[in-house]
Structures are given as structure tokens and as C-alpha cells.
Amino acid sequence: MRRITSGTWLVLGLFALWEASARLGWVDSPNWPPVTEVVAALIRDSITGELPLRVGGSLWRMFSGLLAGGLAGVVVGLAFALVPVTARLFGVVVEALRPIPVPAVIPPLVLFLGLDDPMKITVVALTVFFPVLTNTMQGVRAVEVEAIAMGRTFGIGPWRRAAFIVLPACLPYVLAGLRVALGLALVVTVVAEMIAGEQGVGNYLVVMQFAGRAPEMYATVLLLAALGYALNRAFVTLEKRAIHWWFAMGR
């Protein structure tokens, strides 16, 4: 509770400093509105329904890419860790794709998929894939050898061992990768909307910038910050319930 209270007071103090810097002329710029005007713009655009509609579209694209990339990362990670020949065959391709920046991936995808949702979802899925893949492989390596050997002793086949022994044991690592991927997915969704298309929070942010509507622009930034924080807190809550046994062991 002390950490939460201290963090809250810090945020409020930063907002007060923001308000004072704009009202007292410490920052002499028409593009630096007081925080009260920013909050008023956020409330106004929320009441009109424009921001909620755009946020809903962005979240749909983000979660679609998160689901696709997360499932692919888990499946490929299990295959790489449990069937070494797959890592030898496809590992070079994966490692070659991993360091490519997201903005560099968007133009080729636009040529193939256009400016609509499939392109944005694909970009998010590619971003999510790599942290989930890495954590899944690390989780499989951390599974106790005795558990796998016991599965073999009881005659459990390789597919069932992967589904009922290996995957549950490495679930904490998978969820850790998904938590990292969740933040990346939100960032990449907004970036893709800023670069291409006319939908979502990212496009709204760019439109407000070009229109010179600073309060609305900063209101969108604050909304994204609050959204990212809320998503992280919700994921942590679900994580503690999903792997409560892991936390009960003091890990």
C-alpha cells in the first residue's frame, strides 16, 4: 500500500508541475496546454463516443494479434525445445527475422495485405511471437527431468507429455513472455495505426497533431498510458490466479 500511495502522489505531483509550468509560463509554447485542459478534452471526446470507439478498435486488433502471435510462439517454442531438428531447420530463419524493426516490416506488409486490419494484426502477431517463443523454450529447459522421465515410465506418448507435463510446468515462463508481449502489442498497434490506415487511437493521435489540437493530442497520450497500466494490472491479477501454485511455492 505504501508503494501504491507513493506512486499516486508522484503522479499527482507531476500533474501539478505540468499545470504550473503551463499556467505560469515556465514553458512558453502554445503546444503545451495545462493538464486541466487536457483532462477536459479527454472527458469531452469520451462523452462524444469517438475515443471509446477508437480504443475498442485498437484493443480488438491488439488482442487478435496477441492471441495469434502467442499461440504461434508457444507451439514453435515447444517444437524447438522438444524436437531439436526443428530448431536446426528453422532456427536461422527465426533469428534472422527477430532483429528487424517493426517500422521496417510495415511497408512490405502494406503491399501484400493493404492498410486494413489484417496488416495491423500481422504486425502485432510478429512482435508478440518472439518474446513468447524465447520464454517458452526457456521454460521447457527448466522442466525437471524427473517429471518427463516419470511420464515415459507410465507410457505417456510424446504429444501427451508435451500437453500435460511440459506445457503446465513451463506455464509461468509462457505467462512472463505474454506479459512482456502485452505491452509491446499495445505499442505496435498504435504505431501501425499511426503509419497506415484511418482507424484506431494511433490515427487519432496523428490527426490531432496535424490539426494543432494539443489538448486532444496529450489527452490521447494520457489515455494510452492509463490503458497500458490497466492492462498490465489486469494481466498480473489473472496470472496470479492461473499459476497460484507457482506463487504459493514462494517463487
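This passage walks through the aromatic pairs, nonpolar cores, salt bridges and a few single residues of a predicted model.

A good place to start is with the aromatic side chains. A search of the whole structure turns up five aromatic pairs. In one of them, the ring centres of tryptophan 18 and tryptophan 32 are 5.1 Å apart and the planes meet at 25°, so this pair is stacked; the limit for stacking is an angle under 30 degrees. Tryptophan 18 belongs to helix H1 (residues 2-23), while tryptophan 32 sits in the loop between H1 and helix H2 (35-48), so the pair ties together parts that are 14 residues apart in sequence. The two partners can also be described by their accessibility: tryptophan 18 is buried, with a relative accessible area of 10%, whereas tryptophan 32, at 26%, is partly exposed.

Tryptophan 18 has a further ring partner in tyrosine 218. Here the centres are 5.8 Å apart and the planes stand at 75°, so the pair is edge-to-face. This pair links distant parts of the chain, with tryptophan 18 in helix H1 and tyrosine 218 in helix H11 (residues 214-242), 200 residues apart. Taken together, ring pairs link Phe15, Trp18, Trp32 and Tyr218 into a cluster.

From the rings, the view moves to the nonpolar interior. The largest nonpolar core has 36 residues, of which Met62, Leu66, Val128, Leu178 and Leu231 touch the most other members. Two or more residues of this core come from each of helix H3 (50-82), helix H5 (102-113), H6, H9 and H11. Helix H9 gives the most, with 10 residues. To see the packing around one member, consider leucine 231: not counting residues up to four places away in sequence, leucine 231 touches Leu59, Met62, Phe63, Leu182 and Leu186. Apart from the largest core lies another core, of nine residues, which includes Trp18, Val38, Leu42 and Met208. Tryptophan 18 thus appears both in this core and in the ring cluster.

Helix H9 invites a simple check of its length. At 1.5 Å a residue, the 25 residues of helix H9 (residues 171-195) should span 36 Å, and the end C-alpha atoms are 35 Å apart, which agrees. H9 is followed by glycine 197, whose phi is positive, near 95°.

Charged side chains come next. Side chains of opposite charge can pair when their charged atoms come close. In this model the count comes to seven salt bridges. Glutamate 50 and arginine 54 form one of them, at 3.7 Å from N to O. These two residues are four residues apart in helix H3, and so are separated by about one helical turn. Glutamate 50 counts as partly exposed at 35% relative accessibility, while arginine 54, at 18%, counts as buried.

Arginine 61 takes part in two bridges that reach across the sequence. With aspartate 117, the closest N and O atoms are 3.0 Å apart. That bridge links aspartate 117 in helix H6 to arginine 61 in helix H3, 56 residues apart. Arginine 61 is itself buried, at 4% relative accessibility. With glutamate 193, the closest N and O atoms of the bridge to arginine 61 are 3.1 Å apart. In this case the link runs from glutamate 193 in helix H9 to arginine 61 in helix H3, 132 residues apart. Glutamate 193 is buried as well, with a relative accessible area of 0%. Elsewhere, salt bridges that share partners join Arg44, Arg213 and Glu216 into one network.

Lysine 120, found in helix H6 (residues 117-142), offers a contrast. Lysine 120 is buried yet has no salt bridge, and the nearest side chain of opposite charge, aspartate 117, is 4.9 Å away; a salt bridge calls for nitrogen and oxygen within 4 Å. Leaving aside neighbours within four places in sequence, lysine 120 is in contact with Arg61, Leu115, Ala192, Glu193, Ala196 and Gly197.

The last residue to visit is isoleucine 148, in helix H7 (residues 145-153). At 17% relative accessibility, isoleucine 148 counts as buried. With neighbours within four places in sequence left aside, isoleucine 148 is in contact with Val143, Arg161 and Val166. The C-alpha atoms of isoleucine 148 and valine 221 are separated by 48 Å, the two residues being 73 residues apart along the chain.

Notes:
Residues are numbered from 1 along each chain as its sequence is written. This is a predicted model: local features need pLDDT of at least 70, side-chain atom pairs count only at pLDDT 80 or more; totals for chains, interfaces and linings use all residues. Side-chain values use heavy atoms; hydrogens and water are left out. Rings of Phe, Tyr and Trp (its six-membered ring) pair if their centres lie within 6.5 Å; planes under 30 degrees apart count as stacked, over 60 as edge-to-face and the rest as tilted. Buried means under 20% relative accessible area, exposed over 50%, partly exposed in between (1.4 Å probe, protein chains only). Lys and Arg count as positive and Asp and Glu as negative; His and the chain ends are not counted. Contact means heavy atoms within 4.5 Å. The expected span of a helix is 1.5 Å times one less than its number of residues. A nonpolar core is a set of buried Ala, Val, Leu, Ile, Met, Phe, Trp, Tyr and Cys residues joined through side-chain atoms within 4.5 Å.
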